[in-house]
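Visitor: I would like a close look at a single part of this protein, taken slowly and with its surroundings explained.

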Amino acid sequence: SGASRPRVTFLGTGYLGATYAICYAELGYEVLGYDVDADKIAKLNAGEVPIHEPGLDELLRRNLAAGRLRFSTDIAETADFGDVHFICVGTPQRADGMGADLSYVEASVTSLAQHLTRKALIVGKSTVPVGTAEWVEQLVGKHTPADLGVEVAWSPEFLQEGFAVDDVLRPNRIVVGVKSEWANGMLYAAHKGLFDLAATEDREVPMVVTDFATAELVKVAANAFLATKISFINAMAEVCEAAGGDVTQLARAIGYDPRIGNRFLQAGLGFGGACLPKDIRAFQARAQELGAGEALRFLHEVDLINLRRRTRVLHLAAELLGRRSGPAGPDLSGTRIAVLGATFKPNTDDVRDAPALAVAALLHKAGADVHVYDPQGMENARRAVPELTYEPGINEAVTDADLVCVLTEWADFRNADPSVLGDLVAGRRVIDARNCLEGALWTQAGWEYRGL
Ligand code: UGA
């Protein structure tokens, strides 16, 4: 059944699964989203998106109303509904800080498999260590009768927070790891809506059909490359700073070479979020297990360059405030610092491994009185680092500050008027840790301006 228009389910309605479920309904598929979290499911069924993602609310409500989309905590219903089941659960960093924790993958696949009563395709989407798809296949074999012929495939995703809707509806490629013609055909049908949309917009979506291991590796390789590109330009920033060069102009100049490209070459506070930092660590751990650890040793350096950006802001703050660093680091007690930005990048409310919040915590630990404002991330930030002071707006945050640190490049901060803010602060000092402000404007308004 369903070979032309398969019914699809998404297991796990976090960032990935919720976005996919909603977008697939928008493409015209009949969709069921499943999660063990009853609260999340109730919210989704009531038309409430649990994350901040531009455009998603409207799509959710429209497709709920159209009757193509539903959410459930019932695994038997989910198993019964779908021809294709996408596994979208989280794969967090393990407690040992390196490898990926696959317990959610194991739990969701096992309970789904136990409830399947007909042939179906289970497709992994979560980011996993290479080898997981084979293991999932064994798991499915163990929990379903062989005559059902349930099959497994792997199809990584590349969506970026803040652009998730467009990334799902208009992907720049589809990658699938499959073992049979049947699985290949089902996956084609499960992506047909995307191909049709592309055709109406005169685009093409390339599809790479490959084996399990390659499909799994594509995902982590892409994220490792992006992380490396960011740390590369941040390493250049360190050298520029030592030599008196300007990394922003350097990036622009090398970026004109199409082999290098100008995107993901923004020097600053470095990468954070739920993906890049954890993925490069898990990738190293897996390569080590496979006996290829040496090949990825450079990713350790990529990580170190990235983390060094955070301490650089701390030391720059001390320098601007005329504080000396002791062996325990700088002492910022008695100073008041405004932190603008808490999320790991703009246009999201996500503070997971956010460089901005990490720096705010470092400043606080060094004794500063830290006042934070973020346009979307306040609630999450307050929960993650309760010991900071949270302010309702930019003006409140900078009032009486000895130093202002711009740590996430929200448009509100880029567009802020330095002379207006200058009248509120105690000292006109600013660290532009994302190199996103017009430094000349701030200098003209009497600020001591430092980019990163
Ligand atoms: C990242 C990848 O970009 C997606 O392709 C991938 O699908 C996703 O992870 C995932 O694995 O699920 P995301 O975590 O949303 O997406 O964030 P990015 O837009 O990649 O930004 C990551 C971090 O890099 C941010 O903290 C951002 O501020 C920083 N960054 C980005 C820079 O410091 N400089 C740049 O030039 C670009």
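Which domains does the domain assignment of the protein give? Please start there, and then take me to the shell around the ligand.

Guide: The domain assignment divides the protein into domain 1 (8-210), domain 2 (220-306) and domain 3 (310-451). What is shown is a predicted model, and the protein averages a pLDDT of 96, with 99% of the residues scoring at least 70. For the model as a whole, the scores are ipTM 0.98 and pTM 0.94.

Turning to the ligand, 20 residues surround it, and the closest are Glu161, Gln266, Phe271, Gly273 and Cys275. Sorted by class, this shell has 10 nonpolar, eight polar and two charged residues. At least three residues of the shell come from domain 1, and at least three come from domain 2. Among the contributing elements, helix H9 supplies the largest share of the shell, namely three residues.

The two domains that were just named together have C-alpha centres lying 29 Å apart, and their contact takes 10 residues from domain 1 and 10 residues from domain 2. On the side of domain 1 that touches domain 2, the residues divide into five nonpolar, four polar and one charged.

Helix H9, which gives the ligand shell its largest share, spans residues 212-243, and its axis comes within 9 Å of the axis of helix H11 (residues 276-289), the two crossing at roughly 115°. That crossing of H9 and H11 is left-handed. From H9, the contact is made by Val220, Asn223, Ala224, Leu226 and Ala227, while H11 brings Leu276, Asp279, Ile280 and Phe283. By class, the residues in this contact of H9 with H11 comprise seven nonpolar, one polar and one charged.

Taken together, the shell around the ligand draws on both domain 1 and domain 2, and H9, its largest contributor, also packs across H11 through the residues listed above.

Definitions and conventions. Residues numbered from 1 in each chain as written. Predicted model: local features only at pLDDT ≥ 70, side-chain atom pairs only at ≥ 80, totals over all residues. Domains from an automatic or database assignment. Contact = placed C-beta atoms within 7 Å. Nonpolar A, V, L, I, M, F, W, Y, C, P; charged D, E, K, R; others polar. Axes fitted to C-alpha atoms, helices over the stretch in contact; angles between N-to-C directions. Helix = DSSP H or I, 4+ residues; strand = E, 2+ residues; numbered from the N terminus. Left-handed = near helix turned anticlockwise from the far one by under 90°. pLDDT = per-residue confidence, 0-100. Near = placed C-beta within 6 Å.
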